[in-house]
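User: I am new to this structure and would like to learn how to read it. Could you take me through the ligand site and then a sheet?

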Amino acid sequence: MEKNIVPIKSIEFITHDVLKIVTEKPAHYNFISGQATELSINKPGWISKRNPFTFTSLPENNFLEFNIKTYPEHKGVTNELLKLKAGDELILHDVFGAISYQGQGVFIAGGAGVTPFISIFRFLQSKNLIGDNKLIFANKKKEDIIREQEFKDLLGTNFINILSDEKADGVAYGKITKDFLKLHIGASVKKVYLCGPPPMMDSILKHLSALGIAKKDIIVEDM
Ligand SMILES: Cc1cc2nc3c(=O)[nH]c(=O)nc-3n(C[C@H](O)[C@H](O)[C@H](O)COP(=O)(O)OP(=O)(O)OC[C@H]3O[C@@H](n4cnc5c(N)ncnc54)[C@H](O)[C@@H]3O)c2cc1C
């Protein structure tokens, strides 16, 4: 069982409730874009509490980056992360994760479920492979959209937002429906990548099945 103590290099908000945490990277630590690790805080009372978070940096970077949505009201790990500063330490455990890039397709994310796709899109950009990949990103409000400008720059019109709790210019409003998916996915889609909270995943998996997309072409991770 791997256990690596890493100092935090920087910690800052990138939305009203999402922290970007950059840490040192242990020399032998390897992952592929889309994978995650369990993370603990190296502080009395928190060492044995392990929560999963996804690497948003690239495997070849000499640092690790995480984008972490915080829930102060849970009084758990993410609330504790809010109290940390550069120089404080995290403990990283084994690397795992079900999502990896398996060819061009449509990525569908809900909230912090976008984190595996951040590393994957950065990987695709580094290899000049963005192509016609598409991201459908569901959030409650505009202020919740993680990495909005980066995805706009990378994907242009292939970056499609939908907001459930707020109307905004040029952005779809409501929950992701079968018709919404049909409009944006297209008949020739090869792969669909899906990551978000379980209720959203359940509903979208039903829509994808109704649209005739085979299970083997859907790459999923619950968050
Ligand atoms: C593979 C994987 C990768 C992930 N990667 C990321 C990532 O990169 N970025 C990211 O932001 N998130 C990610 N997540 C989700 C992330 O792990 C959780 O959001 C986080 O661990 C929750 O921590 P916490 O501080 O809220 O609560 P915890 O420390 O887990 O729990 C504290 C307390 O809050 C309670 N609690 C938990 N959930 C709720 C709730 N919904 N309502 C009320 N009380 C609750 C618990 O019962 C517990 O008592 C990932 C999840 C998985 C499975």
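Analyst: The turns below go through the ligand site and then a sheet. Keep in mind that this is a predicted model.

User: How many residues surround the ligand, and which are the closest?

Analyst: Begin with the residues around the ligand. Here 18 residues surround the ligand, and the closest are Asn 51, Pro 52, Lys 69, His 74 and Thr 78. By type, the shell divides into eight nonpolar, seven polar and three charged residues.

User: Which elements each supply at least two residues of that shell?

Analyst: Next, trace the shell back to strands and helices. Three elements meet that mark: β4 (51-54), β5 (63-69) and α1 (77-81). The largest share, four residues, comes from β4.

User: What polar atoms of the protein face oxygen or nitrogen atoms of the ligand?

Analyst: For polar contacts, look for pairs of N or O atoms within 3.5 Å. An oxygen atom of the ligand lies 2.6 Å from an N or O atom in the side chain of His 74. At Pro 52 the partner is a polar backbone atom, 2.7 Å from an oxygen atom of the ligand. Thr 54 places a polar side-chain atom 2.9 Å from a nitrogen atom of the ligand. As for cover, the ligand on its own has 980 Å² of accessible area, and the protein covers 63% of that.

User: Which pocket does the ligand take up?

Analyst: Compare the ligand's place with the pockets of the protein. The space taken by the ligand is the largest pocket.

User: Now the sheet: in what order do the six strands come, and is the pairing parallel or antiparallel?

Analyst: Read a sheet from one edge to the other. The six strands form an open sheet in the order β10-β9-β8-β7-β11-β12, with parallel pairing. β10 (172-173) and β12 (218-222) stand at the edges with a single partner strand each, so one side of each has no neighbour in the sheet.

User: How many bridges join β11 to β12?

Analyst: Five bridges join β11 (residues 191-196) to β12, and the two strands run parallel. Within this pair, Val 192 of the protein stands opposite Ile 218 in β12.

Conventions. Residues are numbered from 1 along each chain as its sequence is written. This is a predicted model: local features need pLDDT of at least 70, side-chain atom pairs count only at pLDDT 80 or more; totals for chains, interfaces and linings use all residues. Side-chain values use heavy atoms; hydrogens and water are left out. A residue is near a molecule or strand if one of its heavy atoms lies within 4 Å of it. A polar contact is a pair of N or O atoms within 3.5 Å; within protein, one must be able to donate a hydrogen and the other to accept it, and residues adjacent in sequence count only if both atoms are side-chain atoms. Accessible areas come from the Shrake-Rupley method with a 1.4 Å probe; for residues, only the protein chains shown count as cover. On a 1 Å grid over the protein atoms alone, a cavity is a set of points where a 1.4 Å probe fits but cannot get out, and a pocket is an open set with protein on both sides within 12 Å along at least five of seven lines; lining residues have an atom within 4 Å of a point. A molecule sits in a cavity or pocket if more than half of its atoms lie within 2 Å of its grid points. Ala, Val, Leu, Ile, Met, Phe, Trp, Tyr, Cys and Pro count as nonpolar, Asp, Glu, Lys and Arg as charged, and the others, Gly among them, as polar. Two strands pair if DSSP finds at least two bridges between them.
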